[in-house]
Protein chains: 2
Amino acid sequence: MQLDKVVNYHKALADPTRIKILILLASGELNGQILAEKLCVSPATITHHATKLREASLIHERRDKNTIFFSINDYFLRSNSAAIVELIYKNAKEAGTMDDKNKRLKESVLKNFFTTDGKLKHLPAQFKKKLIVLEQLVSNLEKGRSYTEKEMNTFIKQYHDDFATIRREFIMHQFMYRDNEIYELNPQEMWERWETLV
Amino acid sequence: MQLDKVVNYHKALADPTRIKILILLASGELNGQILAEKLCVSPATITHHATKLREASLIHERRDKNTIFFSINDYFLRSNSAAIVELIYKNAKEAGTMDDKNKRLKESVLKNFFTTDGKLKHLPAQFKKKLIVLEQLVSNLEKGRSYTEKEMNTFIKQYHDDFATIRREFIMHQFMYRDNEIYELNPQEMWERWETLV
DNA sequence: TATCCAATTAGATACTTATTAAATTAGATA
DNA sequence: TATCTAATTTAATAAGTATCTAATTGGATA
């Protein structure tokens, strides 16, 4: 999941003291106590910030006797500063083309698996097509409302006789969740898509 | 002060929800409620994040009737992502050259205004040279220690008879501060330099 | 005018983070 | 071995932030 890494990088630079540390290190390596003096903070504070910068791979460390010298990781600084732009537009583009492809697939699936009066002929065997059909059915349920099992059966029978199978598919593919015989829509429609995207 | 602006930009991108918002907006403008739905958060949360993104100039807004459409500010995103690298190296470079220049100036000032046995001939009239002399004197005081006015006078008299003037200069140029007749070194040597640098 | 609707504000809560003083660790050096 | 020194950890505090619900605003529309 690339998102975390980018967030972490920006967190590391979202603090004035840490940026000042990097400015100082850009002129050459320095140890913790000197940094503490120049920035008028305690050594403990430098350790704290060094940890954050290290986690974001923004600094190197070199030990000489008791002293640790920090230096800037120029490569990571430069490459990560550009990563955010790439992340945003790469995912936007994928989301865009995926929407287009899915739109066409969806049209054809709805045309082929539903009759003209809206009944479901049968569940597609192909995974992606099945999801499209299930999503279509589920879109006629109310968000946030609770349904009894009986109500679910009645609802599904509008479209197809095999309510048991379809009801089970709703749960299996997490369009709904069931708690103590009560069914409810899962609000996170986008979830699966996000997970694969970012 | 450019530092604040850069910190603000990185704060704006240091949150996964805000990055997701930007990814969504990269495909085209969207209003608050749609964003809230897609990200499974409340409209109030979107308002909160929109405020942060607006403050960092990362989004535009367009009103149509009751609905506000957000869109990404491509220009600011791209230009600010590069700003951090520039800030760090520009200031490092300036600090470096300044140190070189100052080093030579300092050498000549110390040679010209101090006698061979370390006494101060007289205070330079030129501002920058005066600061160098004062800094030199002050460097012989202990950090963190308190001095009475009497002790200050004795200390200064090692170098020059006109202790009153020099003592006043220490305060005026903030090398020391005085609280209730007690003098102490100002620990923020770098301060002035920082203010002009970043 | 009354009503509707998206957005915002206010207030509350839970979580994160920057900072420090004090105690501890890990390596040298005497 | 005892001691010194730079760095780290710990524990505490204070400030900041992400999120929600509920109340409010400010434009449309009926």
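## Two protein chains and two DNA strands

Chain B and chain A touch each other, and the contact takes 31 residues from chain B and 31 residues from chain A. Keep in mind as you look around that this is a predicted model.

Let us begin on the chain B side of that contact. Three helices, α1 (2-12), α2 and α5 (74-113) of chain B, each supply at least two residues to the side that touches chain A. Which helix gives the most to this side of chain B? That is α5(B), with 12 residues. Sorted by class, the side of chain B that touches chain A has 21 nonpolar, six polar and four charged residues.

Now for the core. In soluble globular proteins, nonpolar side chains tend to be buried together. The largest nonpolar core in this model has 48 residues, and those touching the most other members are A:Leu22, A:Leu25, A:Leu58, B:Leu22, B:Leu25 and B:Leu58. Take B:Leu22 as an example: setting aside its neighbours within four places in sequence, B:Leu22 is in contact with A:Ile88, B:Leu58 and B:Ile72.

Next, find the small sheet in chain B. Its three strands form an open sheet in the order β1-β3-β2, with antiparallel pairing. The edge strands, β1 (30-31) and β2 (59-64) of chain B, each pair on one side only. Two bridges join β1(B) to strand β3 (residues 67-72) of chain B in the antiparallel sense. Within this region, B:Asn31 has B:Phe69 of β3(B) as its bridge partner. Helix α2 (residues 16-26) of chain B packs on the sheet and touches β1, β2 and β3 of chain B, while its direction makes about 90° with that of β3(B).

The DNA comes next, one strand at a time. Which residues are the closest to DNA strand D? Of the 22 residues that surround DNA strand D, the closest are A:Asn31, A:Gly32, A:Ala44, B:Ala44 and B:Thr45. Two or more residues of this surface come from each of α3 (32-39), α4 (43-55) and β3 (67-72) of chain A, together with α4 (43-55) of chain B.

DNA strand C is also surrounded by 22 residues, and the closest are A:Ala44, A:Thr45, B:Asn31, B:Gly32 and B:Ala44. For this strand, the elements giving two or more residues are α4 of chain A together with α3 (32-39), α4 and β3 of chain B.

Here are the two DNA surfaces by class and by the element that gives the most:

| Surface | Classes of residues | Element giving the most |
|---|---|---|
| near DNA strand D | six nonpolar, 12 polar, four charged residues | α4(B), five residues |
| near DNA strand C | six nonpolar, 12 polar, four charged residues | α4(A), five residues |

Finally, let us look at chain A on its own. Its secondary structure comes to nine helices and six strands. Of the 198 residues in chain A, 21% are buried. Among the contacts in chain A with a separation of 6 or more, 50% are between residues 24 or more positions apart.

One residue to visit in chain A is A:Glu181, found in the loop between β5 (176-179) and β6 (182-185). Is A:Glu181 buried or exposed? A:Glu181 is exposed because its C-beta atom has 9 others within 10 Å, and a residue counts as exposed at 12 or fewer. Leaving aside neighbours within four places in sequence, A:Glu181 is in contact with A:Thr148 and A:Glu149. The C-alpha atoms of A:Glu181 and A:Lys150 are separated by 9.5 Å, with the two residues 31 residues apart along the chain.

Terms used:
Residues are numbered from 1 along each chain as its sequence is written. Chains are lettered from A and ligands numbered from 1 in the order in which they are written. This is a predicted model: local features need pLDDT of at least 70, side-chain atom pairs count only at pLDDT 80 or more; totals for chains, interfaces and linings use all residues. A nonpolar core is a set of buried Ala, Val, Leu, Ile, Met, Phe, Trp, Tyr and Cys residues joined through C-beta atoms within 7 Å. A residue is buried if 20 or more other C-beta atoms lie within 10 Å of its own, exposed if 12 or fewer, and partly exposed in between; C-beta atoms are placed from the backbone. Two residues are in contact if their C-beta atoms, placed from the backbone, lie within 7 Å. Two strands pair if DSSP finds at least two bridges between them. Axes are lines fitted to C-alpha atoms, for helices over the stretch in contact, and angles run from 0 to 180 degrees between N-to-C directions. A residue is near a molecule or strand if its C-beta atom, placed from the backbone, lies within 6 Å of it. Ala, Val, Leu, Ile, Met, Phe, Trp, Tyr, Cys and Pro count as nonpolar, Asp, Glu, Lys and Arg as charged, and the others, Gly among them, as polar.
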